[in-house]
Amino acid sequence: MTSDEAGGRFEQLHGERGLKNALRRVFDTQIPNYGDYNLVFASHEREEGELRPPLNAVGSYVLGYRWQPAEIMMAPVDVASVSGAGIPVEVNMTNLAHALQWNDGSYEVGTSTGRIFRFRVRPQPTLDVGPGNALVLEQDEDVIDFDAFMEAFIAMA
């Protein structure tokens, strides 16, 4: 990608909906029935003293969730290129091993196959979408709904 192409891509991400629309496209291209999900951006954040992310941690996700049937779809995302970064994982009542909220406000969900995801959903995360191109993702209202969903999801676990 040339610097002109990168600059053009960065400009497309600006605006009230630009970054949200780009993240929605990442999710939509990977997930069947994508319209059924509410989306938030989630990321693994290393704890102080942690040498590496936990097993199976990718780093960043476009996290889709829906209330009926209750499930979470973890779609890994490469923030710098705003593109898919792996195979999405579905967590629902048939494969949910555990779900909890840690004291620091982060969440953890695990599957019966041993996949564990620990992540945080922030109201206004800053995403580095390229060298020197940091954008703030406005998801304040989305986080309120997601937290309510996770409270119910944890109660079902």
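In the predicted model, strands β6 and β7 run antiparallel and are joined by five bridges. Within this pairing, Leu-100 has Glu-108 of β7 as its bridge partner. The two strands form a hairpin with five residues between them, and Gly-105 in the turn adopts a positive phi of about 95 degrees.

On its other pairing, β7 (residues 107–111) meets β8 in the antiparallel sense over four bridges. Two of the residue pairs can be named: Tyr-107 is matched with Phe-119 of β8, and Glu-108 has Arg-118 of β8 as its bridge partner. Glu-108 is thus a bridge partner of Leu-100 as well as of Arg-118. A hairpin is again formed, here with four residues between β7 and β8; Gly-114 in its turn has a positive phi of about 95 degrees.

Together these strands make up an open, antiparallel sheet of three strands in the order β6-β7-β8. The edge strands, each pairing on one side only, are β6 (96–101) and β8 (116–119). From one strand to the next, the twist averages 10 degrees. Strands of a sheet pair through backbone hydrogen bonds, in either the parallel or the antiparallel sense.

Strand β7 is mostly covered, with five of its five residues buried. In a regular strand, side chains alternate between the two faces of the sheet. For β7, both faces are covered: Tyr-107, Val-109 and Thr-111 are buried on one side, and Glu-108 and Gly-110 are buried on the other. Helix α3 (residues 140–156) lies across β6, β7 and β8, and runs at about 45 degrees to β7.

Helix α3 also contributes to the largest pocket, giving two or more residues to its lining, as do α2 (18–28), β1 (38–43) and β2 (60–66). This pocket has a volume of about 250 Å³. It is lined by 16 residues, of which Lys-20, Arg-24, Leu-39, Val-40 and Asp-142 are the closest to its centre.

At the level of the whole chain, three helices and ten strands are found. Their order from the N terminus is α-α-β-β-β-β-β-β-β-β-β-β-α. Buried residues account for 42% of the 157 residues. Among contacts with a separation of 6 or more, 49% involve residues 24 or more positions apart. The chain exposes about 8600 Å², with carbon and sulfur atoms supplying 50% of this area.

Definitions and conventions
Residues numbered from 1 in each chain as written. Predicted model: local features only at pLDDT ≥ 70, side-chain atom pairs only at ≥ 80, totals over all residues. Heavy atoms only, no water. Buried < 20%, exposed > 50% of the residue type's maximum accessible area, 1.4 Å probe, protein only. Contact = heavy atoms within 4.5 Å. Areas by Shrake-Rupley, 256 points an atom, 1.4 Å probe, with all protein chains shown as cover. Pairing = 2+ DSSP bridges. Axes fitted to C-alpha atoms, helices over the stretch in contact; angles between N-to-C directions. 1 Å grid on protein atoms, 1.4 Å probe; cavity = no way out; pocket = protein on both sides within 12 Å on 5 of 7 lines; lining within 4 Å. Points joined across faces, edges and corners; volume = space filled by probe spheres on them.
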